[in-house]
Amino acid sequence: MGAINASSDASDGPVSRPDPRRYADLFLASLLGLYFEMLVVRWLAAEIRLFSYFKNVALIAAFLGLALGYALAKRTRNYLAYFGPLLLLYVPVVLAVSHLTGFRSIVVPDSSEFFWRAAALPSWISTVVFALILGYFSVLTLLLFIPMGQLAGRLMIGFPPLTAYLVNILGSLAGIVLFTAVSYGASSPWIWFAAALPPVLWLVRSSVRLAASAAAPFLLVIVALAACARSSVWSPYYKIDVVPFSVDGRQVDDPERFGYDLYVNQIGHMFALNLSPEFIASQPAYASLLEKYRLLYELPYQPGDPQSVLVIGSGMGNDVAAALRCGAASVEAVEIDPAIYRLGREKHPERPYDSGAVRVHLDDARSFLERTDGRYDLIVFGIVDSQTLLSGMGSIRLDNFLYTVESIRSASRHLAPDGLLAVTFDVEREWIRERLANSLAAVFGEPPLMISIADTAWILFLAGPGLASADTASLCADSACTMQIAPSGGTVEPANDDWPYLYLQSRGIPTPYLLAMAMIILLAVLGARKVYPTVRTINLVFLLLGAAFMLVEVRIITELALLFGSTWIVNAIAVSAVLLMVLLANRLVAAFPRLTADILLAGALVGTAAQLIVPLSAFLACPFGIKLAAAVLLTGLPVFFASAAFSLLLRDAPDITVAFSSNLLGSAVGSVLEYGSMAFGMRSLYVPVALLFALSWILHRRSAGKTLARAG
């Protein structure tokens with residue numbers, strides 16, 4: 001078994017000729033690389049909440065580790081022997097830190113971005129702690145991926161470049177499919193790691209020493225994770241824990257009648273409470289608290305008598321229960337997380353999801369609003385405040401696109417002539433309140449009505465065509481709330497689909513991201529100095545293409561999330577679609593050897609320009625077929641041409657491992673550049689993409705010219 005024999009001992013050299021049996025090994029090595037990328041990014045975000053907001057830092061660390069591994073492919077030392085011990089170090093440390101910091105406030109430096117439940121510490125302390133946590137786990141992640149990169153690089157040696165690239169793509173696709181399958185099954189992390197063990201053992205089968213050093217740590221890790229799993233539920237988005245509802249730090253004795261708290265990634269996210277009048281009357285000790293919650297959920301129904309209700313972000317069912325208590329004849333509930341819906345159906349004391357008047361849609365809200373033709377007396381945005389990012393490839397949070405002007409306008413089109421839109425939010429910063437008010441005013445032409453719940457940060461905004469005729473005068477007459485027309489205007493910019501950052505005070509890159517960028521650059525520089533003999537060893541053309549391709553992929557994910565919804569499966573489909581396009585481009589270059597990189601890079605530039613001129617958001621209201629065709633054409637063209645250029649250049653590259661290493665290093669650079677969208681908007685990312693393609697074309701031309709001159 002050529003490659004494994006060649007890499008089983010430190011004294012062995014790299015393989016010089018391909019062995020047909022190595023196709024399976026390269027396929028599995030590529031599968032494991034992508035599978036572990038997705039696993040680590042998701043698992044780390046769930047266990048250490050800081051990484052819920054900095055998923056891309058973990059992804060960049062994985063890219064850097066793979067890049068350094070590819071660069072070490074020809075070294076005699078076999079780093080695969082370190083994979084098991086590194087895993088045995090990595091997992092317990094993550095679990096230990098999760099145990100120590102779980103369900104506590106995260107530490108983030110002072111910034112212009114709001115983070116849920118951040119600790120109020122002196123600036124210098126929070127900066128140091130933040131940098132230590134982010135830096136420590138970034139280094140661990142980087143080290144974990146070096147052996148996988150080296151293994152894949154060694155297995156590529158001896159294959160024709162395009163053949164090696166083809167197998168690498170197919171393996172990466174299989175890695176996505178495998179992790180998507182285990183995610184779809186709502187399985188626990190011990191199953192994720194267990195699913196990776198067979199291919200790992202296959203890859204080290206020729207060496208008893210390597211097999212032992214991999215199998216023993218893997219089994220210990222699987223046992224440790226299974227022991228720590230307890231009652232947590234893993235949805236496609238979160239690690240979920242459900243516990244009896246707490247009052248003043250004490251859990252209630254009868255949660256089945258009273259209710260439950262739901263935590264995601266170790267932070268309180270929502271609750272399921274019995275707010276029926278009969279139950280409140282039976283609980284005099286808690287009546288004041290429960291009445292405040294009942295007021296929060298029932299206020300949107302007081303100005304009128306809504307019969308048809310749409311609940312956006314229905315969660316465990318509190319808003320649905322309120323609609324039923326207030327006499328709604330039909331309720332449509334939209335919830336993105338299937339596990340949270342299932343828990344609500346099983347555990348909500350009032351059993352609102354069992355009502356025949358309720359129809360549930362497990363979907364992204366934007367996607368549902370674009371597909372439905374329903375009209376509603378009341379549309380309720382049910383305190384949607386996600387605790388994680390849309391994707392590990394960017395800085396957009398899962399709920400960001402829900403609170404844009406375009407999203408609110410889409411909802412307004414589904415209001416009945418006298419309908420109302422109710423937006424309830426836990427407003428922890430004044431500028432968040434002002435942004436929501438300004439966004440509503442931009443859609444409806446006048447400031448919304450704002451109702452504040454006493455002694456809480458909850459604010460209810462009411463807007464819509466029915467506001468003028470609604471009976472709002474007595475809403476807070478006998479209730480613990482205050483009412484006013486929301487102050488709007490000012491300097492706070494409404495969120496929109498190009499700049500959807502609800503939690504950013506203003507355009508710019510906040511301090512935590514600048515620190516993350518500095519740390520990533522430092523890791524990249526130190527790593528490159530360690531593994532590359534000289535800076536000249538790095539192939540700048542492949543590095544630039546890697547950076548451009550990462551930015552294109554970020555845009556594809558966000559654009560497709562807008563077109564088809566921000567669900568987890570859309571992200572998996574987007575990455576798979578990119579790899580399929582890469583696969584087609586690879587076959588094109590193999591079939592037409594006379595193609596030139598100049599033509600293909602020019603095609604990538606033209607495709608990028610087309611995306612800049614014609615945004616995919618212009619097709620939001622179109623039928624599904626047209627949206628799909630637009631997505632394929634506009635997102636596919638630059639990917640296809642750039643991939644074809646990469647394949648062609650790879651075919652002629654003097655060293656495939658250096659090419660792949662440089663390309664992955666470029667991916668890390670592209671991830672850092674993505675932060676620019678916080679300052680300039682999502683569409684601004686096309687500018688560096690175009691510049692990177694242009695620079696890669698110029699450097700390629702210069703390199704080709706020097707080669708011709710030497711030949712002459």
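This section describes two β-sheets and the helices that pack on them in a predicted model.

In one sheet, four strands are arranged in the order β1-β2-β5-β6; this sheet is open and its pairing is antiparallel. Its edges are formed by β1 (233–234) and β6 (267–273), each of which pairs on one side only. Strand β2, comprising residues 239–244, is joined to β1 by two bridges in the antiparallel sense. Within this pair, W234 lies opposite K239 of β2. Helix α13 (residues 338–347) packs on the sheet and touches β1, β2, β5 (259–264) and β6. The direction of α13 makes about 20 degrees with that of β2.

A further open sheet contains eight strands, ordered β9-β8-β7-β10-β11-β13-β12-β14, and its pairing is mixed. The edge positions are occupied by β9 (358–362) and β14 (481–485); each has a single partner strand, so one side of each is left without a neighbour in the sheet. From one strand to the next, the twist averages 15 degrees. The partnership of β14 with β12 (residues 449–453) is antiparallel and extends over five bridges. Here, I451 stands opposite M483 of β14.

Two helices lie across strands of the eight-strand order. Helix α12, spanning residues 318–325, lies across β7 (308–312), β8 (330–335), β9 and β10 (376–382). Relative to β8, helix α12 runs at about 175 degrees. Helix α16, spanning residues 430–444, lies across β11 (415–426), β12 and β13 (458–463). Its angle to β13 is about 10 degrees.

How values were computed
Residues numbered from 1 in each chain as written. Predicted model: local features only at pLDDT ≥ 70, side-chain atom pairs only at ≥ 80, totals over all residues. Heavy atoms only, no water. Pairing = 2+ DSSP bridges. Contact = heavy atoms within 4.5 Å. Axes fitted to C-alpha atoms, helices over the stretch in contact; angles between N-to-C directions.
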